[in-house]
Amino acid sequence: MLQTQHLTLTHQKDLQDLVKDLGLVVNDGDKLAIIGEEGTGKSSLIKALIDITSISDYIKVEGKVINHFHHIGYLPQSLTANQLEQSVSDFLYGDMDYSMFDFSLFYKLAERFQLEVEKLEDNNQTLYSLSGGEKLKIQLLKILAQDPDLLILDEPSSDLDPDSVNWLEQFIAQSDKTIIFISHDETFLENTATAILHLELLKKRSTPRASYFQSNYRNYKENRKKTFERQLQRANKEREEHRDRMIRSHRIHQSVEHQLRHTKNDAAGRLLAKKLKNILSQEKRYEKETEKFTEIPQDMDAINLFFSETTPLSTNKILINWIEQPLQTGQTANLLIKGQDKLVITGSNGVGKTRLLKKIMNELSSRTDLSLGYMPQHYDDFLNPNLSPLDFLSEVTEAEKARTLLASLRFTKDEISHSLMGLSGGQKAKLFLAKMVLAGNNVLILDEPTRHFSPTSQPIIREILSDFPGAIISVSHDRNYIREVAQKRYQLTPEKLEQIR
């Protein structure tokens with residue numbers, strides 16, 4: 001069992017609480033998924049669960065972490081540059097504690113993972129040269145060969161192709177180990193999690209909230225929706241009843257005042273004055289009722305973006321028509337894209353999907369008969385660190401309109417004017433979408449568009465993109481996105497790009 005008692009994590013730089021007074025119990029065999037927008041403290045929390053001192057240079061920690069597990073296996077969100085340059089052998093054995101390493105288990109797991117370790121070692125391959133799925137399996141193999149009883153995984157599925165994600169889902173679901181993991185992938189969560197911890201920052205990202213739910217993700221979504229609706233209904237009812245009472249009281253108040261001004265009888269006047277005093281006292285009590293009102297719930301999942309001013313393209317307008325087009329990565333491509341197509345390109349890691357997307361963008365960028373918007377996979381490569389979010393959006397609209405839109409997307413006053421580099425991945429993703437809306441782009445090129453949004457926000461993003469009145473050309477591994485947004489699907493293999501019927 002792992003337990004937290006009154007755990008509070010506060011960022012040292014801006015004194016922002018990320019987690020406040022968290023009481024959590026993780027039991028043997030639990031598969032606990034931690035979800036939430038980027039910047040809500042998910043990675044800091046799991047590092048605190050492993051070792052509070054590991055984050056003490058940038059996070060102030062209060063409270064306790066009580067860990068009854070004997071050995072933790074930790075899979076970080078990404079490998080370091082030095083690790084990627086290592087050979088498979090050096091990574092596996094270079095810092096190995098052989099007193100804890102079970103070679104028999106190692107080879108059983110390698111066979112189970114369908115991973116030819118000896119072949120990788122003989123070829124002296126570096127981790128950099130491996131696919132996303134191979135990197136994951138190598139890391140898990142090293143961790144599991146030391147037989148941990150608790151696994152902590154930081155976004156393990158984020159860079160995996162569909163086959164590797166399916167493999168990882170089965171591994172987590174079938175494992176008898178306790179597993180705590182972070183994920184943004186809705187389908188992955190639905191197929192693996194037995195408990196949910198949702199981290200949020202409410203009230204202009206100033207107030208942390210942690211919601212724990214002991215069940216699967218599908219049930220959590222339903223419960224979250226029902227709880228929101230009940231609280232909103234109760235809050236609105238209280239305010240409506242209060243408004244009706246105040247209207248009635250004000251009407252009586254005016255009537256008594258009118259009678260008091262016009263009475264000629266001293267005795268009647270005294271009675272009316274006493275009645276008016278009682279009414280005023282009652283009105284003060286009514287005003288104090290507002291302090292006890294149920295708080296109107298904040299819909300953290302809402303994303304107020306609409307492509308309502310985008311001029312649609314003709315459904316018959318041809319944007320791309322490639323026949324046996326050679327690609328830089330060695331494949332040939334047959335590709336037809338029209339003005340209203342919503343298209344997704346899938347394929348294994350490293351096969352060249354992002355490079356293909358850039359080739360499409362380069363070809364379309366010279367066209368003057370359409371408006372092109374682009375969301376990259378790695379945002380920082382396309383952001384000027386000297387700009388603020390307001391500057392970024394003001395490139396395509398007037399500042400006041402940009403400021404209003406940023407406020408509706410829950411950017412704080414400080415975030416609007418500070419450097420783009422200080423934003424979370426989810427906020428940067430919102431900025432790229434907002435810029436496309438303001439620019440009126442009618443062709444969107446999107447590289448993994450949902451990966452940085454919280455799983456509870458992703459249905460909103462899919463709905464926005466499904467309603468988009470132009471063409472969408474995208475790369476994605478998100479199964480819900482592929483199912484709900486994409487009308488045409490292409491697969492890039494090592495040999496060719498072809499449409500999947």
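1. Two strands count as paired if DSSP finds at least two bridges between them. By that rule, strand 12 (residues 342-346) pairs with strand 16 in the parallel sense, over four bridges. Val344 stands opposite Arg489 in strand 16. Please keep in mind that this is a predicted model.

2. Strand 16 also has a partner in strand 17 (residues 496-500). Here the sense is antiparallel, again with four bridges. A hairpin of three residues joins strand 16 to strand 17. Gln491 has Glu498 in strand 17 as its bridge partner.

3. Which residues of strand 16 make up its covered face? Lys488, Tyr490 and Leu492 do. Arg489 and Gln491 form the uncovered face. In a regular strand, side chains alternate between the two faces of the sheet.

4. Glu498 appears again in a salt bridge, this time with Lys496. The closest N and O atoms are 3.2 Å apart. Both ends are partly exposed: Lys496 has 36% relative accessibility, and Glu498 has 33%. Elsewhere, salt bridges with shared partners join Glu186, Glu190, Arg218, Lys221, Arg462 and Glu484 into one network.

5. Now the open sheet. Six strands form it in the order 5-6-7-3-8-9, with mixed pairing. Why do strand 5 (72-75) and strand 9 (207-213) each have one side without a neighbour in the sheet? They stand at the edges, each with a single partner strand, so one side is left free of a neighbour. From one strand to the next, the twist averages 15°.

6. At one edge, strand 9 pairs with strand 8 (residues 195-201). The pairing is antiparallel and runs over six bridges. Ile196 stands opposite Phe213 in strand 9. As for strand 5, helix 6 (residues 132-144) lies across it and strand 6 (150-154). The helix runs at about 165° to strand 5.

7. A search of the whole structure finds 24 salt bridges. Side chains of opposite charge can pair when their charged atoms come close. One of the bridges links Arg479 and Asp185, at 3.5 Å from N to O. Arg479 lies in helix 18 (residues 479-484), and Asp185 in the loop between strand 7 (178-182) and helix 8 (186-192), so the pair ties together parts 294 residues apart in sequence. Are the two residues buried or exposed? Buried means under 20% relative accessible area. Arg479, at 19%, is therefore buried. Asp185 is buried too, at 14%.

8. Asp380 and Lys428 form another salt bridge, at 2.7 Å from N to O. Asp380 sits in the loop between strand 13 (372-375) and helix 13 (389-394), and Lys428 in helix 16 (residues 425-439), so the bridge ties together parts 48 residues apart in sequence. The two ends differ in cover. Asp380 is partly exposed, with a relative accessible area of 41%, whereas Lys428 is buried, at 7%.

9. Finally, the surface. Tyr98, Phe103 and Tyr107 form a nonpolar patch there. Together they have about 320 Å² of accessible area. Tyr107 lies in helix 4 (residues 103-112). Its relative accessible area is 42%, so Tyr107 counts as partly exposed.

Definitions and conventions:
Residues numbered from 1 in each chain as written. Predicted model: local features only at pLDDT ≥ 70, side-chain atom pairs only at ≥ 80, totals over all residues. Heavy atoms only, no water. Helix = DSSP H or I, 4+ residues; strand = E, 2+ residues; numbered from the N terminus. Axes fitted to C-alpha atoms, helices over the stretch in contact; angles between N-to-C directions. Contact = heavy atoms within 4.5 Å. Patch = residues over 30% accessible without salt bridge, like charges linked within 9 Å, V, L, I, M, F, W, Y side chains within 5 Å. Areas by Shrake-Rupley, 256 points an atom, 1.4 Å probe, with all protein chains shown as cover. Salt bridge = Lys/Arg side-chain N within 4 Å of Asp/Glu carboxyl O. Buried < 20%, exposed > 50% of the residue type's maximum accessible area, 1.4 Å probe, protein only.
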